[in-house]
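Me: I'd like to learn how to read a structure like this one. Could you walk me through it, a feature at a time?

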Amino acid sequence: MTDILFSSWGGAIVDNRGKPEGERQSISNLNLPLEFDQEKKIKAFIGWDGIAVRDPEVNIVDLIRAYMEAVQKESCGKCTPCRVGTQIMSSILNRIAGGEGRAGDLEQLKFLGEMILRSSKCNLGQTGPKPVLHAIAYFREEFIEAIQSKKRIPREEYKVKVTAPCESACPSHLPITHYVELIKEGRYLEALSTIREATCLAGVLGRVCIRPCEDNCRRQNVDECVSIKWLKRFVADYELEREIKPDLVKTSARSEKVAIIGAGPSGLTCAYYLALKGYSVTIFERLGEPGGMAAVGIPDYRLPREILRYEAGLVQQLGVEIRYNTQVGKDITLSQMFEQGFKAIYIAVGAQTNTPMGVEGEDKGYKGFIPGVYYLLEINLGRDPYPEGKRVVVVGGGNVAIDCVRSSFRIGKPDVNLVYRRTKKEMPADRVEIHDAEEEGVKFHYLCNPVRIVEKDGKVVGMECIRMELGEPDESGRRRPVPIKGSEFFIEADIVIPAIGQAIDLSFLDEKDGVKTTKRSTISVKEGTFQTNREGIFSGGDCVIGPDVLVRAAAHGRRAADKIDAFLRGVEVRESEEERLETLMEKIKVYNRDERIGVPGGRKRAMLEMLPPDSRKWTFDEVEKGFPIPVAQKEAERCLRCVRVGLFAV
């Protein structure tokens, strides 16, 4: 990237001012996109780790003024250096930009900036003044000119984004630093209310989220990440256990009706936020209870059904109607929904079918060959899919595969195996889930792949496998497994369960519905809007992006509610500025794994207490106990409050 004229990002000074294009030094530590959106270009960016100026017309004094105003506005006020110091710095910069600068202003700014960096309790103060110090050091003449000329500098247009490493990584962009701070202060219901500004599934996500936020937690640069997911569960449980009725406030009612297909995480979330906006919402659900694949695809020991029902109940408290046991395409079509007065439809079906393995015998209908999604569905409906089978082999390395092996013990299968074609390191399943499965006695067969299903009298008796070795990386970045000739072996089994992937069933769509689909059997939508090609029909979650994680489906539901609201109000449906800022921050990257943080370590993260392996492996009762109040507060205190302010000149 040689289009940047000056950068101090990450402490690496690159000064290309006055240099011809061919002699400019490239900048490798900052991925700054060229465009803010289709209409605006990014002229400069300033944030927690320095300055980057692309356009020579950018006025550095006004840029710094605007940035410091944003930092000061975000100061929580809980420590004097940041609260008072940033206020004084902002006042001085406003004075300089207003043509009233004084001779000693730069020295005072430098003194205050260094003092705030040293003395602040949280990362906002520990990083906020850094770009100001860089600007004074490398653009000193511009500041002196502004002070001496006494001319007022025109204010330019800027876009500000407040984020944190954890929040930037979260698909739902939950206000993590805010709710963790509230937990630290003992304001548990306020913390839950803050979470519900971004998701209505706090208890669900507090149990089954894959927690990308924790992978992006700066605390792990010191010792271990903060247990963000379990703190979310803590406040959700706090309300539920004390039978506190949440205060859900709707805006004034609107006349338009909205139909939602699927009462899974995406559909429930969309319904919740549309109902808060005053819309009349009806969800059409093929199952007899809420939750979709979260209800019938995730075992009760991980996600108790009453938690799903409670949070779906909150959605219904807002007036949302859920029509259960209703199969769209059979009991009602999309066209009939419009005929019944619905002004918009949101399609939010989950990944309800399995991906085939492509091995000999899987399509023969042998008794004991059970696809993973169907296996979990039957178990979650209280049935043993194949009672006479006692020896189980599951093929796959994701969370569905782990759920299948762990659930097998719980329906009385004593011999449980998992076959995965790569090593444990490459398994995409949650590390915690893998560990728990190991503790419970699942036999893991790594670097193995199925070749054929072996049967006798139409019943599965085992599976022939071949050993693998890892070759060159594939498109996923993981090393490709390659078969080792002559290494075939046999695993005895009564039940073989493929769990290598899920697929979307769009058979409910009629040709006359006119909804465009993709080659991957997903619904085609306009980027950033969730709009399909047919006016009034929106879609999100797994049926758009393919099988993915629950938290992203929920995020789609919330964002889609905003787009549907815009459509029904007659406003242009487009990606919001906030969404654009989130995308830009993800590209710039808010978290540096190599950053050295001068904070004393040694405070390990709090872990949930679990039932012993020998007792939990036979029960569908929830195997983890939530945090007690003292543990939750202590864990919240580990948060470094890594609030970051980024500002774009556009």
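Below we talk through a sheet, a helix beside it, and the nonpolar cores.

Reply: Happy to. Keep in mind that this is a predicted model.

Me: Let's start with the sheet. What is the order of the strands in the open sheet of 4 strands?

Reply: To read a sheet, go from neighbour to neighbour across it. Here the order runs β13-β12-β11-β18, and the pairing is parallel. At the edges sit β13 (443–446) and β18 (495–498), each pairing on one side only. Direction ignored, neighbouring strands are turned by 20° against each other on average.

Me: How many bridges join β11 and β18?

Reply: There are 4 bridges between β18 and β11 (residues 391–395), in the parallel sense. One you can look up is Val395, whose bridge partner in β18 is Pro498.

Me: Which strands does helix α18 lie across?

Reply: For a helix on a sheet, look at what it touches and how it is angled. Helix α18 (residues 399–410) lies across β11, β12 (415–420), β13 and β18. Against β12, α18 runs at about 170°.

Me: Now the inside. Which residues have the most contacts within the largest nonpolar core?

Reply: Leu274 and Ile564 do, in a core of 50 residues. Among the elements giving two or more residues are α13 (265–276), β7 (280–284) and α21 (550–568). The most comes from α21, with 9 residues.

Me: What is Leu274 in contact with, leaving aside its neighbours within four places in sequence?

Reply: Its contacts include Val258, Ile260, Val281, Ala561 and Ile564. There's also a second, separate core of 42 residues, with Ile51, Ala66, Met89 and Leu109 among them.

Technical notes. Residues numbered from 1 in each chain as written. Predicted model: local features only at pLDDT ≥ 70, side-chain atom pairs only at ≥ 80, totals over all residues. Heavy atoms only, no water. Pairing = 2+ DSSP bridges. Axes fitted to C-alpha atoms, helices over the stretch in contact; angles between N-to-C directions. Contact = heavy atoms within 4.5 Å. Core = buried A, V, L, I, M, F, W, Y, C linked by side-chain atoms within 4.5 Å. Buried < 20%, exposed > 50% of the residue type's maximum accessible area, 1.4 Å probe, protein only.
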